[in-house]
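Thanks, everyone. Please bring up the model on your screens. I'll take the strands, then a helix pair.

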Amino acid sequence: MVDYETSLTERVGAAPAPVSPSHADVAGWRAATESDIDGIWQLRQAMGEVDHPNYLTARGAIAADFGYSHFHADRDSLVGVDVAGRIVAVGMVMFPPRQVSLVRSMPIGGVHPSLRGRGIGRQLLAWQLARAKQQLASSTKQLPGWILTYADERSPQNSALFAHAGLTLARYFLTLERALDAQVRVIEAAEGIRIEAYTADLSAAVHKTRDDAFMDHWASQPMSDENWNAFVGGTWFRRDLSFVAWAGDEVVGFVLSTANDNVWASQGFTGSYIDLVGVLSGWRGRHIAQSLLAAQLAAGQALGHERVTLAVDSASPTGALGLYTGMGFVPTHRKMAYILEF
């Protein structure tokens, strides 16, 4: 049993410096810089088209990573290049701030599909895990420490890679879709609750409600202002598909959405993605989430969208999965969360 009365520094112990991979199929390795954003994005597009064509990483999301004060590219990133200088492998290790009940280090990245199965990914992951341990060891907090990463079920090589490295399958997340070809039923929240459109001036209030509402969600921690602002200020964020629930002058719930038309062709339909749905714990059970979702679905239908997509923790204690399936969402894919705990 892990003793959380000791600091992460003590539990992780000495964390040796990461060792750069060495592989005949990669001409060189180096830390990434902002000038690599396009190259990383092109690699992530190639990976996504094979692993999960229904969602592709946006260039803006990669650019946002480089802008965060908690990401230090010279220490937290590694790219592998071929003889032509093209980026063929990338590893980034994110260390989100605002650690209230959990300290997380989160490796992301991968290898170009044409170079898989040659051992490059194993070496890259070893570098990422070593850097992740350094990040966790830098914390003096007496909290659980996790290395946390995800694998889509359509990319089983990643699941095998994580398991081989000693990470444990901890959770399943389901992708759900809801067609918009039928009338959306209006759902009224409890008396005293009103649903209104999200507006930019509500950003701080909704951010606070999000952090409070998600504290009982698995692996969730409060979002930093940088992360929040990058999300609601991002290219694909849709105010016209986002709504908030009010009780008096308090925001007690929200549904926040994005729409990336760049993936519509690869996913095979037009539509939006519901990134966040939440209701404060003391306000649950009053049909607030259902009324927020109904507003989002009706707005998407009015825009001529064909479907709405979201992801849900299959074991969520809030009963979210039953909520969504009860509103016509059906499972389509699964993503697995892997952790290494300290």
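**Strands, then helices**

Start with strand S2, residues 77–81: 5 bridges join S2 to S3, and the two run antiparallel. Keep in mind that this is a predicted model.

Pick one pair to get your bearings. Leu-78 has Gly-91 in S3 as its bridge partner. Now follow the hairpin of S2 and S3. There are 5 residues between the strands. Gly-85 in that hairpin takes a positive phi, near 85°.

On to the other pairing of S3. Strand S4 covers residues 103–111, and 6 bridges join S3 to S4. S3 and S4 run antiparallel. For a landmark, find Ala-89, which stands opposite Val-111 in S4.

So is S3 buried or exposed? S3 spans residues 87–94, and 8 of its 8 residues are buried, so the strand is largely enclosed by the rest of the structure.

Now the helices. H5 is residues 120–137, and H6 is residues 156–164. They pack at an angle of about 50°. Their axes are 10 Å apart. That angle makes H5 oblique to H6. The oblique class takes in angles from 35 up to 65 degrees. As for handedness, H5 passes H6 in a right-handed crossing.

Which residues meet there? From H5, Gly-121, Arg-122 and Leu-125. From H6, Leu-161, Phe-162 and His-164. By type, the residues of the contact of H5 with H6 divide into 3 nonpolar, 2 polar and 1 charged.

To recap: S3 pairs antiparallel with S2 and with S4, and H5 crosses H6 obliquely.

Definitions and conventions
Residues numbered from 1 in each chain as written. Predicted model: local features only at pLDDT ≥ 70, side-chain atom pairs only at ≥ 80, totals over all residues. Heavy atoms only, no water. Axes fitted to C-alpha atoms, helices over the stretch in contact; angles between N-to-C directions. Helix = DSSP H or I, 4+ residues; strand = E, 2+ residues; numbered from the N terminus. Parallel < 35°, antiparallel > 145°, perpendicular 65-115°, else oblique. Left-handed = near helix turned anticlockwise from the far one by under 90°. Contact = heavy atoms within 4.5 Å. Nonpolar A, V, L, I, M, F, W, Y, C, P; charged D, E, K, R; others polar. Buried < 20%, exposed > 50% of the residue type's maximum accessible area, 1.4 Å probe, protein only. Pairing = 2+ DSSP bridges.
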